[in-house]
Amino acid sequence: MSDLTETEIVAAVRRGRHEGQTAMVSRYAQRVFAMIARQVPDVMDAQELTQDTFLRAFDHIDSYAPQRASLSTWLCRIAYNLTLDFLKRRRPMIVSIEDTKVWQTDISDEALEAELSTGREERIERLQEVIDQLPDDERMLLTLYYFEDRPLTEIAYITGIEAKPLANRLYRTRKKLIKKLKD
């Protein structure tokens, strides 16, 4: 069952075969759950969102286009949208006036990386605190890019944002992190 190819899994799910659904869940559930759990602190909520991701995938398997993305990336796109919807319902959106000034300071990519990649434990803890304060979509972007180590092309597909504006958004989010870390 677990030795089915991605194409065979999709074909089995499209035919409504239980072994296709089981293979999909066993192969991809851990990755989907990990992505969701980084954003949703309650394990029960993260498990429910993971389950909802697969139910939605089974219901919409005919919309999956293998030429556009891998099955894993398609599932992450579903999880991304469900997680953002969940977080929007759970947390009011807060926009800081300081956030509008972040883009006015020009910081090189090298300086951003140097500032964000320091290995001191207290700096890492502070970085996690600052990341937790970011809006949901920015936290998800950082999760996909840094924790999931996904290329911008995959993140663009998952988020539905073109690669160039996505790269700009990532840059601005990193600048915002630097500013908050320095404050």
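This passage describes helix α3, the aromatic pairs and the packing of helix α4 in a predicted model.

Helix α3 comprises the 17 residues 43–59. At 1.5 Å a residue, a helix of this length should span 24 Å, and the end C-alpha atoms of α3 are indeed 24 Å apart, so the expected and computed values agree. The buried residues of this helix are D45, A46, L49, T50, T53, F54, A57 and F58. Among the elements that cover these buried residues are α1 (6–14), α2 (18–37) and α4 (71–90).

Three aromatic pairs are present in the structure. In one of them, the ring centres of F54 and F58 lie 6.4 Å apart; the planes of these two rings meet at 50°, and the pair is therefore classed as tilted, since this class covers angles that are neither under 30 degrees nor over 60. F54 and F58 both belong to helix α3, and because they are four residues apart, about one helical turn separates them. Both F54 and F58 are buried. A further aromatic pair is formed by Y64 and W74, whose rings are 5.2 Å apart from centre to centre, with 55° between the planes; this pair, too, is tilted. The pair of Y64 and W74 links distant parts of the chain, with Y64 located in the loop between α3 and α4 and W74 in helix α4, ten residues apart. Y64 is buried, as is W74.

An aromatic ring also takes part in an arrangement with a charged residue. R77 is placed over the face of Y157, at 4.7 Å from the ring centre.

The packing of two helices is described by the angle between their axes together with the distance between the axes. For α4 and helix α7 (residues 136–147), the angle is about 145° and the axes are 10 Å apart. The crossing of α4 past α7 is right-handed. On the α4 side, the residues that meet α7 are Y80, T83, L84, L87 and K88. Their counterparts in α7 are D136, D137, R139, M140 and L144.

Towards the start of the chain, T5 lies in the segment before α1. The relative accessible area of T5 is 40%, which means that this residue is partly exposed, as the value falls between the limits of 20% for buried and 50% for exposed residues. T5 and A23 are 18 residues apart along the chain, and their C-alpha atoms are separated by 9.5 Å.

Definitions and conventions:
Residues numbered from 1 in each chain as written. Predicted model: local features only at pLDDT ≥ 70, side-chain atom pairs only at ≥ 80, totals over all residues. Heavy atoms only, no water. Helix = DSSP H or I, 4+ residues; strand = E, 2+ residues; numbered from the N terminus. Expected span 1.5 Å × (residues − 1). Buried < 20%, exposed > 50% of the residue type's maximum accessible area, 1.4 Å probe, protein only. Contact = heavy atoms within 4.5 Å. Phe/Tyr/Trp six-rings, centres within 6.5 Å; stacked < 30°, edge-to-face > 60°. Lys NZ or Arg CZ within 6 Å of the ring centre and 35° of its normal. Axes fitted to C-alpha atoms, helices over the stretch in contact; angles between N-to-C directions. Left-handed = near helix turned anticlockwise from the far one by under 90°.
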